Amino acid sequence: MAQKKKEQATVLMQQEIAPGIYDCRIRTGLARESAPGQFIAVYPRDKSTLLPRPISICEVNKEEETLRIVYRVAGKGTAEFSGYRAGDTIDILGVLGNGFPLDKVNKDQTAFLMGGGIGVPPILELAKQLDCNKKIIVGYRDSSCFLREDFEKNGDLYIATEDGSVGTAGNVMDAIRENALKADIIYACGPMPMLRAIKAYALEADIPAYISLEERMACGVGACLGCVCTTKNVDAHSHVNNARICTDGPVFEAREVEI
């Protein structure tokens, strides 16, 4: 994993693409080292907000040195970020975490790429980089299906909505059942109930599942132990069966973690 660096990035554009969901592109040299499933930490300008906010990477352009982040306004820090405009500068730390492994599937196999809620954005860069038969299954609350057009360009798209307004009524697992979908491997990011259901499905189908755990992170570099999860392996830092999501993850093989 590349060495973490703090640097100043420049905002190129930002727009609201769904209620409370913002799409932001920034120019940063960290783009050269970024991979699907990794994240950056963005520092608020308000010094009373001490900790940076972890935001997953949605898209990477290494040649232009740009990153795309898509995030939901959830508190004071992200509310501040939503006001940034082209030309503004922001301090970021990256690149953080271990991303999705791209070498676990070959071009003749089928992969489920599953995202739920604000776990949807990290799936886009993964869809662009994986070379296989891709079934993209994403879940939303309602008809505000952000990134829909982007996904349609990068795989077969299946949508589930909680209110039934688009696609399958229900969640991503309902979409799999309704469309009788099968896969050789799963990649997923989303809320914990969704990931628990995916893990159970993967165990029953006896296929590997790589899941990105969405947990609240504090330091982002593994020092505070504020985002640990229980794992089969003994952590060298804490000497117990814990893993730090921000450094050992956020992506884990589902069999390795208790969720």
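Helices and strands are here DSSP runs, helices (H or I) of at least four residues and strands (E) of at least two, numbered from the N terminus. The model described is a predicted one.

## The antiparallel sheet and its surroundings

By that numbering, Ser34 has its place in the loop between strand S2 (21-27) and strand S3 (39-43). Is Ser34 buried or exposed? Because buried means under 20% relative accessible area, Ser34, at 2% relative accessibility, counts as buried. Leaving aside residues up to four places away in sequence, Ser34 touches Ile57, Val60, Lys62, Leu67 and Val95. One of these contacts, Val95, lies in strand S7 (residues 89-96), and the peptide bond that leads from Gly94 to Val95 is cis, with omega near -10 degrees.

S2, S3 and S7 belong to an open sheet of seven strands, which has the order S4-S3-S7-S1-S2-S6-S5 and antiparallel pairing. At its edges are strand S4 (53-56) and strand S5 (59-61), each of which pairs on one side only. On average, and with direction ignored, neighbouring strands of this sheet are turned by 35 degrees against each other. At the S5 edge, the pairing with strand S6 (residues 66-72) is antiparallel and runs over three bridges, and Glu59 stands opposite Arg68 in S6.

Helix H2 (residues 122-129) lies across S4, S5 and S6, and runs at about 55 degrees to S5. How many of the eight residues of H2 are buried? Six of the eight are, so that the helix is mostly covered; the buried residues are Pro122, Ile123, Leu124, Glu125, Leu126 and Ala127.

## The mixed sheet

A further open sheet is formed by seven strands in the order S11-S10-S9-S8-S12-S13-S16, and here the pairing is mixed. Its edge strands are strand S11 (168-169) and strand S16 (251-253), each pairing on one side only. S11 pairs with strand S10 (residues 156-161) in the parallel sense over two bridges, and Ala160 stands opposite Thr168 in S11. Helix H5 packs on this sheet, where it touches S8, strand S12 (185-190) and strand S13 (209-213), and the direction of H5 makes about 170 degrees with that of S12.

## Two residues with positive phi

Two loop residues other than glycine have positive phi values, and the table sets out their angles, places and accessibilities.

| Residue | Phi | Loop | Relative accessibility |
|---|---|---|---|
| Leu147 | near 75 degrees | between S9 and helix H3 (148-152) | 5%, buried |
| Ala180 | about 50 degrees | between H4 and S12 | 60%, exposed |

Leu147 counts as buried because its relative accessibility of 5% falls under the 20% limit. Ala180, by contrast, is exposed, because its relative accessible area of 60% is over the 50% limit.

## The second largest pocket

Several elements of the mixed sheet, together with helices, also contribute to a pocket. The second largest pocket has a volume of about 450 Å³ and is lined by 25 residues, of which Gly117, Gly139, Tyr140, Arg141 and Glu162 lie nearest its centre. Which elements each supply at least two residues of this lining? They are strand S8 (110-116), strand S9 (133-140), helix H4 (172-178) and helix H5 (192-205). H5, the helix that packs on the mixed sheet, gives the largest share of the lining, namely three residues. By class, the lining of the second largest pocket divides into twelve nonpolar, eight polar and five charged residues.

## The cavity

The count of cavities of 30 Å³ or more comes to one, and about 40 Å³ of space lies in the largest cavity. Its lining is made up of Gln14, Cys24, Val42, Ile69, Tyr71, Phe81, Tyr84 and Ile90, a set with seven nonpolar residues, one polar residue and no charged residues. Which of the lining residues is the polar one? It is Gln14, because Cys, Val, Ile, Tyr and Phe count as nonpolar, whereas Gln falls among the polar residues.

Key. Residues are numbered from 1 along each chain as its sequence is written. This is a predicted model: local features need pLDDT of at least 70, side-chain atom pairs count only at pLDDT 80 or more; totals for chains, interfaces and linings use all residues. Side-chain values use heavy atoms; hydrogens and water are left out. On a 1 Å grid over the protein atoms alone, a cavity is a set of points where a 1.4 Å probe fits but cannot get out, and a pocket is an open set with protein on both sides within 12 Å along at least five of seven lines; lining residues have an atom within 4 Å of a point. Grid points are joined across faces, edges and corners, and a volume is the space filled by probe spheres set on the points. Two strands pair if DSSP finds at least two bridges between them. Contact means heavy atoms within 4.5 Å. Axes are lines fitted to C-alpha atoms, for helices over the stretch in contact, and angles run from 0 to 180 degrees between N-to-C directions. Buried means under 20% relative accessible area, exposed over 50%, partly exposed in between (1.4 Å probe, protein chains only).
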